[in-house]
Each structure stands twice: as C-alpha cells, then as structure tokens.
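Please read the following briefing alongside the sequence and the coordinates. It takes up domains, the interface between chains, and strand pairing in turn.

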Amino acid sequence: MSSPFSSLHVVDLSGSIAGNYCSRLFLDFGAQVTLAEPENGASVRHVPPFDKDRRSLAFHHLNTGKRVVDLPKSKAELADLVAGADVAIVPQGFKDEIAKLAGDRCVCVEVSAFGADGPYAGWQANEMVHQALSGMMSNNGEPGREPLYGVGNRASYAGGVAAYITAMVGLFTREDDGQGQKASVDVAETAAAMCFPYVLQYFYNGTNRRRGDQDIPAGQVLCEGTWVCIWIYPHRFAAMCKALGLSQLIDDPRFAQVADRVKNWAEMFDIIQDHVRDEDAEDVVSRLQEAQVISACAYRPSELLENPHLAARQYWDGPDAQGLPRLGAPFRLSRMPRSRVNEVTE
Amino acid sequence: MLPFENIRVVELTTAWAGPMAGRILAHFGADVTHIESPTRTNTWRTNKGAPSPVNYPDFDPGERRWDRVFLFNSQNVNKRSLAIDLKAEGGVETVRDLVLQSDVLICNFRPGMLRRLALDYESLSKHKPEIIVAEMPAFGLEGPHSSYAALGPTMEMAAGMSAAIAYHDGKPTVTGPSYLDPIGGFNAAAAIATALYHRRKTGLGQHIEVSQVEAAMQFIGPEILHAAVEGKDTKPDGNRVAHAAPHNAFPAQGEDEWVVIAAQTDAQWQALCAEMGQAELAGDPRFADVGSRKANEDALERIIADWTGAFDKHELAAKLQSAGVIAAPVNTPHDLAHSDYLRARGFYAEITHPVAGTHPHPGLPFHLERAPGDYRRSAPAFGADNAHLLGEVLGFDSERIDAMVRSRTIADAPNKEA
C-alpha cells in the first residue's frame with residue numbers, strides 16, 4: 001500500500017527557514033509539496049552558506065525536490081494555488097486569508113519569528129536574537145566572556161519541527177470531523193520551550209542560573225587533530241584511567257579523591273592530553289566506551305562526510321544533480337520510507 | 001476533546017529527550033505512563049548523593065526529594081507514573097501487558113534493551129499489529145557506534161555542531177547546556193505523530209528509529225553541505241559570522257549581562273551609528289560596508305562595547321529594534337520568568353504538584369485553534385499511579401497488587417541511592 005502521505009498536498013508560502021523545513025519534512029515522507037516563490041527569488045536563497053556559484057546551500061537543503069511555482073500576484077491565482085491543499089504553511093499575517101481561500105479541510109499553519117502580536121511584533125530576528133531571547137545563549141560559553149549563540153539557524157529548524165508537529169495534529173484531528181483548522185507557531189516561543197528548564201528552577205526558589213554555576217565533569221583533548229570529549233563521573237574514574245593506559249593516575253594523590261580531581265582538573269587533563277595527542281580519536285573513544293566511560297568525538301562538519309559509522313548506516317543519499325550529498329532522514333519509519341529526491345529545484 | 005485523548009502511551013525513558021517526546025503527546029491529550037524503576041531511578045529525579053538545595057522548591061528537598069525536583073517535574077506534566085522493578089518476578093510481564101493495551105511505546109535507553117525485554121516492535125507487533133514503537137538511540141540502532149552511551153552534550157559534538165561553535169582558536173563548545181535533548185524529543189514527537197496519522201489511515205503500527213544525532217544534523221545541513229563544497233570547515237570565531245558585522249554580544253549594565261547586536265546591511269549599521277550618537281562612523285571608510293567592517297571588526301566591536309555597557313539590556317535592545325537594528329537582550333531564567341512576550345503567548349501554566357507546590361510551568365509552542373493542548377495534572381509523584389494502572393487498566397485484583405507491593409515489585413519510593 002502506498003503511503004498515506006502520497007495523497008497529501010502541502011503548499012508552502014512561508015518564505016522562511018522554519019516554514020521551508022516544515023514542508024521539507026512532509027516531502028521526506030512522501031507528500032506532494034509546492035513551494036511558492038516571489039518573482040525576485042525567495043529570501044531563503046540569500047541565506048548563507050553559499051556554494052561556489054553563490055547559490056544558497058540553505059535553500060538547497062530545504063527545498064530540493066519541491067515543485068516551485070511563482071508566488072501568485074492576484075487573489076484569484078492565490079485561490080487556485082491553495083485550493084484543495086491539505087496543509088498550507090503561511091507567513092505572519094496570512095493565516096485568515098489563506099485558510100479562507102483553501103477551504104474547510106485545510107490545516108493552515110502560520111510560522112513566524114514572534115507572532116503577529118505581543119511586545120516583539122515588528123522586531124527583526126536572526127538566529128542570534130532567537131538564542132539570546134530564549135535563555136539558551138546565557139548558558140553558552142565561558143563565564144566572564146561573551147556568551148555564544150551557536151551555529152547555523154537551529155532555532156528556525158526547531159520552529160520547523162514544531163510547525164510540522166502542529167500540522168500533523170491538525171491532520172489527525174481532521175480524521176474525526178473532516179475539518180481543517182488554523183494554527184500558529186513562533187520560532188521564538190519554540191526556542192524558549194527547548195531551553196533547559198532553569199526557568200522552573202527560578203519559579204521554585206528564585207535561582208537565576210548562570211554560566212559556570214555547575215562544574216560539568218568533562219574535558220576535551222585533541223587526538224591527531226580531532227577533539228574528543230571525556231565525561232568523568234566519580235565511579236568511572238578508574239575505568240577511564242585503565243582504558244587510556246594511565247593506571248598510575250588512579251592512586252595519584254592529586255586525583256585519587258573527587259575533591260582532589262575537581263581541584264586539579266586542568267592538570268589532570270593536561271596529562272591526558274599529552275598521553276593521547278598522537279592516538280587515533282576513534283580508537284580512544286572506542287576504548288573509553290568499552291570501559292563504559294561516556295565520550296565522543298567532536299566532529300567537524302567535514303569529518304561527518306567521511307564518518308564510518310554514518311557510512312555503515314547508509315546515511316548519505318546522492319550525490320544529487322548538483323553533485324552534493326543529501327543528508328539522511330531525520331528519523332526512520334518502517335512503513336514510510338523516505339522519498340528519494342534526485343532533482344534539483346530551480 | 002483533545003486530539004490524542006484516546007491514545008495510550010508508555011514511556012521507558014529517562015532524563016530529558018524521551019520524556020519531552022511523551023510530554024508533547026500528553027499535551028495533546030494522550031494518556032502517558034512513565035515507567036520508573038525503584039532500583040535505578042531516573043537521573044532527573046536526583047535520588048543519588050547529597051541533595052543540592054537549588055533543585056527544590058524553597059531550597060527544601062523535603063522527605064521526598066525525588067518528587068520535588070524541578071528537572072523531572074518540568075518534563076512529565078500530564079503523565080502518570082508506574083514504578084515497577086523490571087527485574088522482579090512479574091515486572092516485565094506487567095509492563096508488557098500495559099504496552100499491549102497501549103498505542104505507543106517510547107524508549108530512549110540504549111539499543112538492545114527493548115529486545116532483551118521482548119518489548120521490541122517485532123515481538124509486540126505479533127500480538128498487536130497496530131502498536132507503534134519509537135526508539136531514540138543517540139547513534140541509531142545499527143552501526144559501529146550504536147552501542148555508545150551518550151548525553152546531550154556528547155551528541156551535540158557527534159552531530160558536528162560543537163566544533164563549529166568556539167571562541168577564536170578555542171575548544172568545541174556545547175550549548176544549552178543540552179540542546180540535543182529537546183531536538184531529539186521534538187523529532188520523536190514528530191515521528192510518532194506521523195505514525196499515528198499513518199495508523200489512522202491504514203490501521204497499522206510501525207517501528208520508529210530516531211537517531212538523535214542524525215535528527216540534529218538536519219539542523220546544520222547547510223553547514224555540512226558547505227564543508228562538502230569547500231572541502232574544509234569554516235573556522236568558528238565566537239559570535240562573528242561572514243555575512244554581518246557587527247554580529248556579537250556586548251556587555252550591558254550589570255554583572256554578566258549582555259545585549260546582542262547585528263548589522264546585516266549598511267542601513268542597519270548606519271542606524272546603529274545614529275543611535276550611538278556617532279553618526280560620523282557611518283562615513284568612516286573602515287566601516288563603510290560589511291567587507292570593511294569585517295576587516296576592522298576588532299576596532300568596530302571596541303567602539304560598540306564602550307557604548308553598550310552603560311545601558312540596561314532590555315531598554316537598549318528595544319531602542320535599537322525601534323531604530324531598525326537587529327538586537328536582543330541575552331535573557332536569563334529571571335528574564336524568561338518575567339517575559340511579557342512569553343506571557344502574551346500563554347507560555348506559562350500555573351500547576352499544583354501535590355508534593356512540590358504551586359508554580360508556573362514552562363509550556364510548549366503549538367497553537368491550534370480547535371485542538372489546543374492543555375495542562376490536566378502536574379508531573380506524577382513517584383509511583384503515584386501504580387494502583388490505577390494495575391487495578392483499573394490491567395484489572396489486577398487487590399490481593400495481587402498487595403503482593404507486588406510486599407515484594408517491592410512496585411513501589412511508591414525509590415530505593416535509597418538507587
């Protein structure tokens with residue numbers, strides 16, 4: 001039997017990373033997705049990074065495989081485009097109009113940075129703004145230095161997943177009564193919802209959690225140029241020492257007790273660093289994991305492309321018509337295999 | 001009626017990612033039971049070591065600290081708790097009975113656990129073809145790293161994110177401090193919602209695999225493709241980016257208070273100069289366009305930092321936004337608690353927990369006109385629903401339940417230090 005998604009028609013008028021990622025997820029699992037693009041090009045085409053021909057890799061990642069049409073210039077054209085759509089992803093301010101044009105069965109999800117009302121209506125946003133407002137950024141980086149916002153546009157992608165969940169709930173509900181509905185998702189609220197729940201701690205006892213308030217029992221070392229992170233819980237210290245061939249540290253008075261290790265943490269990691277500098281990072285992690293010590297390579301994006309684990313999982317698709325790999329599915333459903341997309345959207 | 005009101009979910013989960021997936025389903029009405037172990041307590045219950053007072057209401061762990069901790073209580077709103085020892089006689093069988101009366105099983109323990117307990121999709125679907133089993137392994141169910149233990153921060157590293165976040169020449173940085181957990185939770189909820197829709201249409205369940213690392217890689221897909229195109233990685237440099245200058249956090253009035261400011265266009269830069277009262281900078285050739293501002297970014301940032309330090313971060317950000325400059329305060333938990341924006345969204349719900357008391361709780365960002373979620377109950381006390389689940393759902397008689405209590409197969413408190 002074909003996927004129930006194969007008869008779903010999704011129209012993406014959002015013009016945003018979050019909206020485009022929401023419709024990308026529908027595309028991944030077999031829906032027909034139409035992307036409406038203004039005559040002078042979608043704003044996402046200007047989102048970095050770019051390839052050597054100044055084409056946006058964000059646009060490529062989000063929209064390859066979608067059917068692209070011109071953004072309608074008249075209400076009649078817009079009505080034609082959205083007529084019969086099961087899901088419409090729309091920008092701020094268009095929810096009511098599009099829902100009306102699309103008909104009663106459409107689930108119409110408005111995706112925006114801050115929503116149409118509230119104190120931030122009219123504010124400009126980028127990734128750093130979302131991370132700052134959400135409370136996430138205040139946790140990142142070293143005390144005393146500027147907090148770090150992160151990388152890429154992760155808040156917007158999260159907003160896209162939130163919009164997708166919202167649309168799926170709307171479709172599920174439609175099965176009861178045949179009726180669609182209007183819905184909205186803010187990227188800013190999504191980012192706040194994904195922040196570590198320190199705000200509940202604040203409500204519990206007034207603690208205003210700041211960077212450096214808690215010692216995380218971890219450190220990083222370079223192994224042949226690749227960073228490896230090692231978590232040293234008290235009960236795994238001896239196991240870590242043995243796994244790394246540093247058994248002499250187990251009874252070393254500088255590190256023998258938890259309090260000593262905390263005090264001499266930097267010194268301990270200097271010793272570990274000297275010892276593993278020329279070792280293979282994957283091998284170090286493998287030995288530590290074998291000894292039930294949590295550790296991981298901090299891969300650079302380029303290292304993921306050659307990663308043996310991802311290769312063994314047949315993670316990568318492609319190369320596509322543009323010669324680029326396609327990232328694997330965000331999740332795997334046994335009865336809904338991910339669509340194969342080989343064409344380049346133009 | 002709530003959308004998932006007739007859906008029963010069982011969680012074999014711990015910490016954050018798995019419980020957040022269940023919390024989203026519960027928000028939309030699902031009857032979610034969190035299976036807990038009396039002998040190996042969920043880490044977010046904080047049952048080991050001396051209690052740290054900052055985790056509890058009014059700094060008081062009380063007699064049942066595991067019921068008073070903000071961590072567990074934040075992610076398990078609307079759920080039930082069945083505290084049952086899977087290693088005790090009848091433990092696994094009871095959970096299996098409950099799962100077979102349910103629609104969805106969520107697991108965020110390491111691969112292999114469900115199979116060992118005969119709770120894997122293959123085993124369950126023989127008895128119940130419509131069951132949905134969602135597993136959330138960090139690295140996937142197969143592959144050379146599939147058995148690796150992980151935490152949110154190590155998954156962020158494995159996903160290629162942390163190495164792209166660093167001070168100039170610094171070490172990889174983790175964020176959030178556990179951003180990958182909610183990313184995993186949201187993706188699992190998305191996958192389960194998809195499978196529920198599929199089941200509604202076909203009557204069939206399915207198996208879901210959410211490799212949390214792979215789900216997160218999508219969030220930096222363009223950056224990964226860029227590395228493929230360039231054959232190398234972009235070197236991180238704090239908050240600085242190639243396409244905007246300034247683009248950083250600057251000190252504001254107060255201890256460790258910051259405001260972010262960005263100019264992606266020359267117009268935004270000129271507006272910033274005007275707000276700083278230094279209109280002449282707009283004509284300074286060192287800062288004429290993004291390229292020249294990038295080349296002179298140290299000098300540029302010094303000028304801005306000398307100016308921002310005297311201002312309240314909220315007032316300054318609002319003033320700059322009014323002038324067309326991208327800016328925002330770097331919010332702390334205190335700021336989030338007093339956020340007019342989040343209150344305008346109805347983000348906080350006042351919930352009374354029988355042991356922890358009444359507090360506003362952070363919410364979820366989904367707003368459907370006809371299918372709103374709701375807050376029906378607080379996070380459960382440990383084992384609070386043992387009697388309901390065993391008696392009313394599974395139909396065990398009181399004698400059988402009492403025997404399970406006596407043998408500590410079920411419990412209403414975790415073992416000490418477990």
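How far apart do the C-alpha centres of domain 1 of chain A and domain 2 of chain A lie? In this predicted model, the separation between the two C-alpha centres is 43 Å. The notes below begin with that division of chain A, continue with the contact to chain B, and end with the sheet.

**Domains of chain A**
- Chain A is split into two parts, with domain 1 covering residues 4-193 and domain 2 covering residues 218-298.

**Extent of the interface**
- The contact between the chains draws on 140 residues from chain A and on 153 residues from chain B.
- About 13000 Å² is buried between chain A and chain B, and carbon and sulfur atoms supply 66% of that area.
- On the chain A side, the residues that lose the most area to chain B are R154(A), F172(A) and Y204(A), which together make up 7% of what that side buries.

**Polar and charged contacts across the interface**
- Between chain A and chain B there are 12 salt bridges, and one salt bridge joins the side chains of R210(A) and D256(B), with an N to O distance of 3.8 Å.
- Residue pairs in polar contact across the interface of chain A and chain B number 61, counting those with both residues at pLDDT 80 or more.
- Helix α6 of chain A, spanning residues 154-177, contributes 19 residues to the side of chain A that touches chain B, which is the largest share.
- By residue class, that side of chain A consists of 78 nonpolar, 37 polar and 25 charged residues.

**A sheet with strands from both chains**
- An open sheet of seven strands, mixed in its pairing, follows the order β3(A)-β2(A)-β1(A)-β4(A)-β5(A)-β6(A)-β12(B).
- The edges are held by β3 of chain A (67-70) and β12 of chain B, each of which has a single partner strand, so one side of each is left without a neighbour in the sheet.
- Strand β6 of chain A (residues 181-186) and strand β12 of chain B (residues 367-368) run antiparallel and are joined by two bridges; here S184(A) stands opposite H367(B).
- Within chain A, strand β1 (residues 9-12) pairs with strand β4 (residues 87-90) in the parallel sense over three bridges, and V11(A) stands opposite A88(A), a residue of β4(A).
- As general background, strands of a sheet pair through backbone hydrogen bonds, in either a parallel or an antiparallel sense.

Notes:
Residues are numbered from 1 along each chain as its sequence is written. Chains are lettered from A and ligands numbered from 1 in the order in which they are written. This is a predicted model: local features need pLDDT of at least 70, side-chain atom pairs count only at pLDDT 80 or more; totals for chains, interfaces and linings use all residues. Side-chain values use heavy atoms; hydrogens and water are left out. Contact means heavy atoms within 4.5 Å. Buried area is the accessible area (1.4 Å probe) that two parts lose on being put together, summed over both. A salt bridge is a side-chain nitrogen of Lys or Arg within 4 Å of a carboxyl oxygen of Asp or Glu. A polar contact is a pair of N or O atoms within 3.5 Å; within protein, one must be able to donate a hydrogen and the other to accept it, and residues adjacent in sequence count only if both atoms are side-chain atoms. Helices (H or I, at least four residues) and strands (E, at least two) are DSSP runs, numbered from the N terminus. Ala, Val, Leu, Ile, Met, Phe, Trp, Tyr, Cys and Pro count as nonpolar, Asp, Glu, Lys and Arg as charged, and the others, Gly among them, as polar. Two strands pair if DSSP finds at least two bridges between them. Domain bounds come from an automatic or database domain assignment.
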